[in-house]
Amino acid sequence: MDIVYRKAEQRDNPHLAKMIRGVIEEFDAPRTGTVYSDASTDALYELFHEPNSILWVAEYNGKAIGCCGIFPTEGLDNGYCELVKFYISDKARGKGIGKELMLKSIDSARNMKYSHVYLESLPHFSKAIAMYEESDFKIVDKQLGNSGHSSCNVWMVKTL
């Protein structure tokens with residue numbers, strides 16, 4: 001597969017929103033209190049104009065097949081950012097695409113001078129959680145910041 005990794009573009013909005021919601025449905029994850037019901041899911045390109053944020057996209061044959069980014073979520077401690085919108089199309093999984101997107105996001109966090117990367121997830125995404133653990137993310141016992149994702153109950157932090 002010839003994958004292109006690039007920053008999100010406005011043309012990605014409908015593809016990414018459909019893919020993200022499709023993954024939530026595929027894993028029977030909650031639709032409320034998650035990215036599924038966020039209005040910003042339909043306007044990711046615009047959301048990631050926030051300073052000190054970036055959304056990486058994996059593209060195959062001109063179509064977005066995955067994404068992962070860094071965002072300065074409200075309420076996080078100074079030096080913290082959040083790893084967000086990490087979703088991969090079912091046809092693209094198991095090929096290292098997700099890991100590459102995650103690593104690009106973590107590198108971006110370092111380049112933006114963040115000291116920690118925080119993330120929220122769900123037990124439904126156990127393979128992703130295992131990948132986070134392999135990448136030195138550690139489980140924390142409470143939600144940090146104000147993501148608005150009240151259904152997420154797995155919280156992790158990586159020190160950069």
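In this predicted model, strand S5 (residues 116-121) runs antiparallel to strand S7, and the two are joined by 6 bridges. Within this pairing, Val 117 has Lys 158 of S7 as its bridge partner. Strand S7 also pairs with strand S6 (residues 138-140), again in the antiparallel sense, over 3 bridges, and here Ile 139 is matched with Met 156 of S7. The two pairings of S7 are set out below.

| Strand | Residues | Bridges to S7 | Sense |
|---|---|---|---|
| S5 | residues 116-121 | 6 bridges | antiparallel |
| S6 | residues 138-140 | 3 bridges | antiparallel |

Strand S7 itself covers residues 154-159, and because 5 of its 6 residues are buried, that is, under 20% relative accessible area, the strand is largely enclosed by the rest of the structure.

These strands belong to a protein with 4 helices and 7 strands, which follow one another along the sequence in the pattern β-α-α-β-β-β-α-β-α-β-β. The radius of gyration is 14 Å, close to the 15 Å that the globule rule gives for 160 residues, so the protein is as compact as a globular protein of that length. The C-alpha trace spans about 40 × 35 × 30 Å along its principal axes, and buried residues account for 51% of the 160 residues. Of the contacts between residues at least 6 apart in sequence, 66% join residues at least 24 apart.

Turning to the surface and the charges, the protein exposes about 8,200 Å², of which carbon and sulfur atoms supply 48%. There are 19 positive and 22 negative side chains, and the centres of these two sets lie 4 Å apart.

Terms used: Residues numbered from 1 in each chain as written. Predicted model: local features only at pLDDT ≥ 70, side-chain atom pairs only at ≥ 80, totals over all residues. Heavy atoms only, no water. Rg over C-alpha atoms; globule rule 2.2 N^0.38 Å. Buried < 20%, exposed > 50% of the residue type's maximum accessible area, 1.4 Å probe, protein only. Contact = heavy atoms within 4.5 Å. Areas by Shrake-Rupley, 256 points an atom, 1.4 Å probe, with all protein chains shown as cover. Lys, Arg positive; Asp, Glu negative; His and termini not counted. Charge placed at Lys NZ, Arg CZ, Asp CG, Glu CD. Pairing = 2+ DSSP bridges.
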